[in-house]
Structures are given as C-alpha cells and as structure tokens.
Amino acid sequence: MINLKKKKIGVLCGGTSSEREISLMSGKAVYNAIKKLGLKVILIDVNKNVAQKLVKEKIDLAYITLHGTPGEDGTIQGMLEIMGIPYTGCGVFSSAATIDKIISKKMFEAAKIPTAKWTIIEKLKPFEEISYPVVVKPASQGSAIGISIVKNKKEFEKAVKLAFSYEDRILVEKYIKGVEVTAGVLNGNPLPVIEIVPKGKFYDFKSKYTAGQSTHIIPARLPERVLKKIQNIALKVYDEFRCNGTCRVDMIVDKNNDIYVLEVNTLPGMTQTSLFPDAAKHMGLSFEDLVLEILKSAK
C-alpha cells in the first residue's frame, strides 16, 4: 500500500463532459476531505493541457473525481498509466466497458447478469418496431442525461431526437416498473443497498443533484434475501468488469422481487447528495474515512 503521508495527491475534476459541474462539486468535496486528513493535496481542473499540469505540479498520486469523459471512459487512466502516476478507482478496461451502455448490456448477458431486454438504434439506420413502454438512453452519457421514459410513438420520436442530440447510438430498453435501488462496492466489499425514491417521474439529473428532490432509504425496504442477492449481483459486476476501488451498480426490483441491472458507475458521485457516501455513512464511515479507503485503492 502507498504511504500517503509522503505523497502529493492531485484531485482531478471538471473535465469537458456534460457532467462537468457535478465533477467540480465531487472534486471540491474530496479535496476538502483530504486536507482534513492532513495530507498534501492540490485540485486540478482537467482540460486539454492536463498532462502539462501534472508534470508541472509533480503529483505522486491522482484521485479521480471526473464524471463522464475523459474520466469514466478510461482516457485519463490510460494517460496516467503512461506517465507512471498511480490513481484511484477503476482502470482503462472497466472504465471503457461500463461507460458504454451497449457494451455493458452485452457483458451482462455474457456473464448471465440479469438485465432488461434491449435493442440498439443508430442514426440514419432502420430499426424494428418498438413495444412500449421503454426507456431511451444515449449510449454513453451519465447522470441520467438524455434519458426518457416513453409510453407511445409520439413520446418515442421526441425521446429519440433528444438522445441523438448527444450521440449517434441509442439504447432502447424495456421499461420495468419497480423499486429502484443501487448497490455500491468499496475495495471488493459490498455497501448497504439504497432504495431511491425520487420526487419526479424517475431518478433524473434534478433528482440526483438537487437537495430534497429524492429520498435515500438505507437499507432498501426489501426482504433480507433480496438485499443479499442485490449485493451479490453488485459483487459479480465488480468482478466481471475487473473494477478496482469503487463501483456502484444501479438496479430495478420488480413486484416479483426479480432484479434487473440497469448500469454500472465506476466513479460514483462524491457530492453532498450522492449515493455512495450515504451508503458508506450507514456503515459508520465518515466522508473522510471513505476518501481514505478509496485512496488506499490507488495503484
């Protein structure tokens, strides 16, 4: 394990994705926590000159709080590996595989991880008739950006137009009514399962990052055997995608207690409304404790 007391830690945040503002919030929270731990730390806003910044600042370790590209797609991880700088969280493969919802779906099916039926729509290409209701998602956006739940053709056309405004491939997934839950994994250990109750129609960007727009119930109001199964699925996802340090797996539990994995987050949010810190807190880990545990995963 790295001796953190002798290291200069760079908290990488910001970036250029649609989740930039959330990343800045996560970065600032982590930066403050590391300062409270008495460690040497600097906050680095990631842009096209980030490599030069890292060389100039001579950091020994990177704590990544980037959401979306270039943090959750493996880009920054690859650069750090070339530069010989250890970093927290998942590596190149797991980051690239999980940010692409279509690749994730293929891996879920190959590993026999339960997930909803789905299809792909590509811009300017024909597609099969859709059976409603469905969820329409851009292939690689996070924080519920560009996602719509649609019940008919008119809503579908609007949702497709919105999703295509972000990228040229869309995931269309069967809508499953049920309890939305999330299960985090920290250094290979499962965190308590959280039930998410949004005020709006679903857990969208506003629900995620606006205080009071959603309720986190810990543990989720489900039978113990179901909670255990959810955690086991999260651990299987963590292993199959070769995650390191952290991941958070979002799922839906239907009325029959059948579980369906929605997506995987390799860099869970670290803001005051984020799910991952809430789950850790329920286990008795303060925010600073959680940041320290994540720092220990750096390699």
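# Rings, core and hollows

Mentor: Let's start at Phe-241, which is buried, with a relative accessible area of 0%. Keep in mind that this is a predicted model.

Trainee: Okay. How many aromatic pairs does the structure hold?

Mentor: Two aromatic pairs. In one of them, the ring centres of Phe-108 and Phe-241 are 5.8 Å apart and the planes sit at 70°, so the pair is edge-to-face.

Trainee: Why is 70° called edge-to-face?

Mentor: Because planes over 60 degrees apart count as edge-to-face. In general, a pair of aromatic rings is described by the distance of the centres and the angle of the planes.

Trainee: And where do Phe-108 and Phe-241 lie?

Mentor: Phe-108 is in helix 5 (residues 101–110), while Phe-241 is in the loop between helix 8 (224–240) and strand 12 (246–253), so the pair ties together parts that are 133 residues apart in sequence.

Trainee: Is Phe-108 buried or exposed?

Mentor: Phe-108 counts as buried, at 0% relative accessibility.

Trainee: What about the rings of Tyr-132 and Phe-156?

Mentor: Their centres are 5.9 Å apart with the planes at 65°, so that pair is edge-to-face. Tyr-132 lies in the loop between strand 4 and strand 5 (134–138), and Phe-156 belongs to helix 6 (residues 153–164), so the pair ties together parts 24 residues apart in sequence. Tyr-132 is partly exposed, with a relative accessible area of 26%, while Phe-156 counts as buried at 5%.

Trainee: Switching topic: which residues have the most contacts inside the largest nonpolar core?

Mentor: Val-181, Leu-222, Ile-230, Val-249 and Met-251, in a core of 28 residues. The elements giving two or more residues to this core are helix 5, strand 8 (179–186), helix 8, strand 12 and strand 13 (259–265).

Trainee: Which of those gives the most?

Mentor: Helix 8, with seven residues.

Trainee: Now the open spaces. What lines the second largest pocket?

Mentor: That pocket has 15 lining residues, and Lys-117, Trp-118, Thr-119, Ile-130 and Val-172 lie nearest its centre. Strand 4 (118–122) and strand 7 (169–174) are the elements that give two or more residues to the lining. By class, the lining has eight nonpolar, two polar and five charged residues, and the volume of the pocket is about 280 Å³.

Trainee: How do strand 4 and strand 7 run?

Mentor: They run antiparallel, joined by five bridges. Trp-118 stands opposite Glu-173 in strand 7. Strand 5 is also antiparallel to strand 7, with five bridges between them, and there Val-134 stands opposite Lys-174.

Trainee: How many cavities does a search of the whole structure find?

Mentor: Two of 30 Å³ or more. The second largest has a volume of about 100 Å³. Its lining includes Tyr-63, His-67, Thr-246, Phe-276 and Ile-294.

Trainee: What classes make up that lining?

Mentor: Seven nonpolar residues, five polar and no charged ones.

Trainee: One last thing: which side chains of strand 11 are buried?

Mentor: Ser-214 and His-216, which point to one face of strand 11 (residues 214–217), whereas Thr-215 and Ile-217 point to the other and are not buried. In a regular strand the side chains alternate between the two faces of the sheet.

Trainee: And what does strand 11 pair with?

Mentor: Strand 10 (residues 194–198), in the antiparallel sense over four bridges. Within that pairing, Ile-196 has His-216 as its bridge partner in strand 11.

Note on methods. Residues numbered from 1 in each chain as written. Predicted model: local features only at pLDDT ≥ 70, side-chain atom pairs only at ≥ 80, totals over all residues. Heavy atoms only, no water. Buried < 20%, exposed > 50% of the residue type's maximum accessible area, 1.4 Å probe, protein only. Pairing = 2+ DSSP bridges. 1 Å grid on protein atoms, 1.4 Å probe; cavity = no way out; pocket = protein on both sides within 12 Å on 5 of 7 lines; lining within 4 Å. Points joined across faces, edges and corners; volume = space filled by probe spheres on them. Nonpolar A, V, L, I, M, F, W, Y, C, P; charged D, E, K, R; others polar. Phe/Tyr/Trp six-rings, centres within 6.5 Å; stacked < 30°, edge-to-face > 60°. Core = buried A, V, L, I, M, F, W, Y, C linked by side-chain atoms within 4.5 Å.
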